Amino acid sequence: MSEQNEKPTRSRSGGFGGGHGMRAPAEKSKNFKASGARLLALLAPHAFTIALIIVLATVSVAFTVWGPKLLGDATNVLFQGVMSAQLKPGETGDEAIAALRASGKPGDEQIASMLSKMTLTPGTGPDFGEISRILTLLAVVYLLSAVFGWLQQYLTVGMSQSIVYRLRNQVDDKLTRLPLRYFDDHPRGDILSRVTNDIDNIANTLQQSLTQIITSLLTVIGVLAMMFWINWVLAAISLLTVPISVLVTVVIAKRSQKQFAAQWEHTGTLNGHIEEMHTGRTIVKVFGREKEALEKFDEHNQKLYEASFKAQFISGIIQPSLTVIGNLNYVAIAVIGGVQVASGQLSLGDVQAFIQYSRQFTWPITQLASIANVMQSAVASAERVFELLDEPEQTPDLASVEPSGCCGAIVLEDVSFSYSPDEPLIKNLNLDVKPGQTVAIVGPTGAGKTTLVNLLLRFYDIDAGRIVIDGVDAADMSREDLRRMFGMVLQDAWLFSGTIRENIAYGLEGATEAQIISAAEAAHVDHFVRTLPDGYDTVLDDDATSVSAGEKQLLTIARAFLADPQVLILDEATSSVDTRTEVLIQRAMGLLMRGRTSFVIAHRLSTIREADVILVMNHGSIIEQGTHEELLAARGFYFDLYNSQFVDAFDEAG
């Protein structure tokens with residue numbers, strides 16, 4: 001059995017037994033403000049770039065803000081020319097204004113007030129040369145605004161990708177330092193979701209939102225300054241919309257925060273389920289669990305749908321709410337501005353520019369509200385990534401004593417270990433393995449067989465006692481040096497996406513072609529590989545479905561041959577091959593194990609009769625040890641276990 005079956009962890013499907021543990025999705029953000037501040041802190045190393053982005057944004061916004069004023073000037077020139085053309089020959093502007101005011105007709109007084117703001121020249125029309133000059137300048141202004149805006153975006157994209165690149169590296173480094181316990185307690189799909197979906201969400205937000213935030217803030221400041229310059233009354237009316245907009249945004253954002261946190265938690269849960277069902281799709285089909293898998297998928301998908309809908313719906317209220325506020329502001333400016341134009345307090349061009357500024361003023365506020373929506377999603381993702389980065393790491397290698405690697409003598413002295421403090425598994429275990437011995441470990445499921453191997457490799461650190469290898473305490477070696485002494489062939493063969501040559505060469509860095517072929521011949525896999533159209537260049541997919549289970553096992557055995565380790569660990573390495581191949585592999589294994597210390601986790605007791613020492617484990621303790629004949633003669637636990645296998649086999653045959 002695999003090691004997961006020896007730990008009573010919560011399974012991803014909801015039961016106990018095999019599989020990785022899984023936590024319930026969080027219903028709300030644990031520390032939204034702290035995660036947001038930590039996300040912003042990632043920008044600190046890029047202070048100079050941010051300063052340059054702000055300068056470029058300032059220039060771009062300044063040109064953009066200047067545009068409506070130029071357009072208003074062009075309108076004034078055009079209107080002034082039209083009104084000049086209406087004067088009678090020889091009539092001055094002052095005379096026309098006086099005549100209008102003396103007429104007493106409705107509206108003439110307002111027209112006279114408008115004309116009083118202009119310099120009228122009788123008999124002339126619009127100055128199209130001046131209008132052309134203003135419009136040309138306007139085109140240049142908008143072009144320069146676009147160029148500086150593009151440079152700003154270019155720098156922002158480079159900076160955001162650099163930040164996320166560094167964050168991905170931190171996460172990847174963190175995963176290498178996390179203890180095996182973390183991976184046992186978290187679904188692989190959820191971990192992958194944090195590394196991919198959550199980091200991509202952060203990248204997209206930084207890339208898109210940072211520029212918008214800077215531009216929107218500068219636009220609000222620039223437009224407000226121009227509005228006060230043109231008319232302080234209308235500017236004050238527009239300014240009233242800011243606190244109202246901020247209040248609406250804050251109230252709605254608080255309600256959507258926990259929904260965004262739940263959204264990304266449920267995304268990780270759903271990914272975990274999909275990954276699990278994809279990995280075990282054959283087992284799902286064999287046991288007819290497709291319906292149950294679909295129901296579980298629908299359950300997770302429904303929860304994700306509900307959380308996503310609530311998050312997007314609640315946060316989506318922000319923009320239409322601010323649009324309503326902006327439209328009310330627009331109406332107020334249009335009405336009051338029209339009155340001021342009629343009374344001569346404001347020129348037609350200025351009120352036209354002001355109306356455009358009112359739109360430019362409300363748009364960045366609405367944009368900032370939309371960014372608040374996106375930022376909540378990004379902070380929820382960042383919180384999940386930071387949670388991974390803050391996980392306790394495996395104990396560091398405090399010392400680095402070089403292992404001698406000469407013999408393979410292993411001694412366990414009063415070793416105790418537990419996966420959880422209240423459930424001790426191994427207690428005061430003592431073992432003395434001589435160099436070159438083959439040690440078989442047997443016992444019922446959950447006895448601690450694989451756990452013992454995990455402790456030898458320091459996948460888990462022991463709670464008490466010590467493990468000594470060739471006279472050196474394993475705790476005084478670096479994990480890398482320690483594990484380099486071991487070679488493993490597991491019951492569950494693992495091959496990665498790549499060629500057969502690359503999979504075999506994984507056992508030894510810098511392996512030559514001759515070494516790879518020699519290892520393949522020793523594992524009796526060379527003939528099989530050469531029958532393939534591409535031979536050793538045959539590409540295996542990520543789960544190696546292009547080869548049979550027995551062939552996968554042969555390839556992993558070839559990998560172990562190539563590694564040529566000092567200590568071998570075999571977890572029923574021949575369980576997936578046919579009888580004829582098993583005989584060949586047993587013979588090859590015998591050659592490989594000669595002169596090397598070997599630990600064999602045995603499930604079929606008939607395969608370990610020739611072991612030098614057989615350890616019988618139960619409830620984390622060695623209850624019997626000796627040779628096959630000695631243990632049978634003792635007629636103890638091993639005797640009962642051995643005979644039960646043959647009785648079961650006899651009953652099945654009968």
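Among contacts in the protein chain between residues at least 6 apart in sequence, 79% join residues at least 24 apart. The model is a predicted one. Its protein chain holds 22 helices and 14 strands. Of the 654 residues in the chain, 46% are buried.

Helix packing was examined for two pairs that share helix α7. Two packed helices are described by the angle between their axes and the distance between the axes. Helix α5 spans residues 128-177. Its axis comes within 9 Å of the axis of α7, and the two cross at roughly 155°. Angles over 145° count as roughly antiparallel, so α5 is roughly antiparallel to α7. The crossing of α5 past α7 is right-handed. The contact between α5 and α7 comprises 15 nonpolar, eight polar and two charged residues.

Helix α7 covers residues 188-230, and helix α8 covers residues 232-239. These helices pack at an angle of about 145°. Their axes lie 6 Å apart. On the α7 side, the contact is made by Leu-224, Met-227, Phe-228 and Ile-230. On the α8 side, Trp-232, Ala-235, Ala-236, Ser-238 and Leu-239 take part. Eight residues of this contact are nonpolar and one is polar. No charged residue belongs to the contact of α7 with α8.

Aromatic rings were considered next. A pair of aromatic rings is described by the distance of the centres and the angle of the planes. The count comes to nine aromatic pairs. In one pair, the ring centres of Phe-496 and Tyr-506 are 5.2 Å apart. Their planes stand at 55°, so the pair is tilted. The pair links distant parts of the chain, with its members 10 residues apart. Phe-496 sits in the loop between β8 (486-489) and β9 (498-499). Tyr-506 sits in the loop between α16 (500-505) and α17 (513-522).

The two residues of this pair also differ in accessibility class. Phe-496 has a relative accessibility of 18% and counts as buried, because the class takes in values under 20%. Tyr-506 has a relative accessible area of 53% and is exposed, because that class begins over 50%. The tilted pair thus joins a buried ring residue to an exposed one. Elsewhere, Phe-417, Tyr-419 and Tyr-460 form one aromatic cluster.

Notes. Residues numbered from 1 in each chain as written. Predicted model: local features only at pLDDT ≥ 70, side-chain atom pairs only at ≥ 80, totals over all residues. Heavy atoms only, no water. Axes fitted to C-alpha atoms, helices over the stretch in contact; angles between N-to-C directions. Helix = DSSP H or I, 4+ residues; strand = E, 2+ residues; numbered from the N terminus. Contact = heavy atoms within 4.5 Å. Nonpolar A, V, L, I, M, F, W, Y, C, P; charged D, E, K, R; others polar. Phe/Tyr/Trp six-rings, centres within 6.5 Å; stacked < 30°, edge-to-face > 60°. Buried < 20%, exposed > 50% of the residue type's maximum accessible area, 1.4 Å probe, protein only. Parallel < 35°, antiparallel > 145°, perpendicular 65-115°, else oblique. Left-handed = near helix turned anticlockwise from the far one by under 90°.
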